[in-house]
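Visitor: I should like a close look at a single part of this structure, described residue by residue. Please proceed from that part to its wider setting.

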Amino acid sequence: MAGSNWERIISMTKDGMRSIGMMRRKMSRGKRIALLIDGPNILRKEFGIKLEDIVEALEGLGDLRVAKVVLNQYAPQGLIEAVSNQGFDTMVVSGETGVKLAVEAMREIYNQNIDAIAIATRNAEFLPVILKAKEKGKETIVLGIEPGFSAALKHAADYTIILNPKGDEE
């Protein structure tokens with residue numbers, strides 16, 4: 001069992017019986033990540049990107065501690081429910097989604113329990129957020145999809161993950 005992610009739990013019950021069980025140890029995979037998703041920019045039907053794809057792409061970098069999706073008022077009810085059912089904090093805004101995403105990103109940049117900020121977007125308007133996160137000592141991760149993935153974002157982030165659209169599996 002050496003090197004295993006499981007540890008043996010032995011406890012004594014009130015009547016002296018020994019209980020032996022197994023419990024999975026929490027793996028320390030690295031950084032504590034705050035993930036912010038620009039819904040209208042990433043979660044489009046034509047891209048076919050699922051929330052599971054985004055979470056899976058981050059698995060090797062650390063533990064997801066915050067997961068928020070910002071959607072606009074035109075988001076279908078089914079999408080809103082699906083995002084909530086995946087355990088993401090869903091924020092529906094009536095105005096510009098970029099403003100809400102930037103505010104949430106700044107909140108996480110100043111959160112001492114977060115080591116890395118991950119933003120799923122293609123939009124260069126989030127470059128100042130990435131730069132501020134780096135200035136405050138946070139690692140930065142940008143997840144995007146082609147076409148239209150900002151070159152400035154790709155180059156500014158510590159990690160860049162390009163998601164493959166549905167049907168473009170390599």
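Is Glu146 buried, partly exposed or exposed, and why does it count as such?

Guide: The model under discussion is predicted. Glu146 counts as partly exposed because its relative accessibility is 33%, and partly exposed covers the range between under 20%, which is buried, and over 50%, which is exposed.

As to its place in the fold, Glu146 is found in the loop that runs between strand S7 (139-145) and helix H6 (151-156). Pro147 is placed in the loop between S7 and H6 as well. The peptide bond joining Glu146 to Pro147 is cis, with omega at about 5°. As a general matter, most peptide bonds are trans.

The side chain of Glu146 also has polar partners in the backbone. One of its polar atoms lies 3.5 Å from the backbone nitrogen of Gly148. The backbone nitrogen of Phe149 is likewise reached by the side chain of Glu146, at 3.5 Å.

Leaving aside residues up to four places away in sequence, Glu146 touches Phe47, Lys154, Ile162 and Pro165. Of these contacts, the one with Phe47 spans 99 residues along the chain, and the C-alpha atoms of Glu146 and Phe47 are separated by 9.0 Å.

Strand S7, at one end of this loop, leads to the salt bridges. Glu139, in strand S7, pairs with Lys31, in strand S3 (residues 31-38). Their side chains meet in a salt bridge at 3.3 Å, N to O. The pair links distant parts of the chain, the two residues being 108 residues apart. Lys31 is partly exposed, since its relative accessible area is 33%, and Glu139 also counts as partly exposed, at 22% relative accessibility.

The count of salt bridges comes to eleven. Another of them is formed by the side chains of Arg44 and Glu46, at 3.4 Å from N to O. Here Arg44 is partly exposed, with a relative accessible area of 34%, whereas Glu46 is exposed, at 54%. A further salt bridge joins Arg65 and Asp63, whose closest N and O atoms are 3.8 Å apart. Arg65 counts as partly exposed, at 45% relative accessibility, but Asp63 is buried, because its relative accessible area is 5%. Salt bridges that share partners also join Lys68, Lys100, Glu104, Arg107 and Glu108 into one network.

Arg44 leads on to the largest pocket, which holds about 380 Å³ of space. This pocket is lined by 20 residues, and those closest to its centre are Leu43, Arg44, Lys45, Leu79 and Val83. The elements giving two or more residues to the lining are helix H1 (39-42), helix H2 (51-58), strand S4 (62-72) and helix H3 (77-85). H3 supplies the largest share, four residues. By class, the lining consists of eleven nonpolar, five polar and four charged residues.

To return to the part requested, Glu146 is a partly exposed residue in the loop between S7 and H6, joined to Pro147 by a cis peptide bond.

Technical notes:
Residues are numbered from 1 along each chain as its sequence is written. This is a predicted model: local features need pLDDT of at least 70, side-chain atom pairs count only at pLDDT 80 or more; totals for chains, interfaces and linings use all residues. Side-chain values use heavy atoms; hydrogens and water are left out. On a 1 Å grid over the protein atoms alone, a cavity is a set of points where a 1.4 Å probe fits but cannot get out, and a pocket is an open set with protein on both sides within 12 Å along at least five of seven lines; lining residues have an atom within 4 Å of a point. Grid points are joined across faces, edges and corners, and a volume is the space filled by probe spheres set on the points. Ala, Val, Leu, Ile, Met, Phe, Trp, Tyr, Cys and Pro count as nonpolar, Asp, Glu, Lys and Arg as charged, and the others, Gly among them, as polar. Buried means under 20% relative accessible area, exposed over 50%, partly exposed in between (1.4 Å probe, protein chains only). Contact means heavy atoms within 4.5 Å. A polar contact is a pair of N or O atoms within 3.5 Å; within protein, one must be able to donate a hydrogen and the other to accept it, and residues adjacent in sequence count only if both atoms are side-chain atoms. A salt bridge is a side-chain nitrogen of Lys or Arg within 4 Å of a carboxyl oxygen of Asp or Glu.
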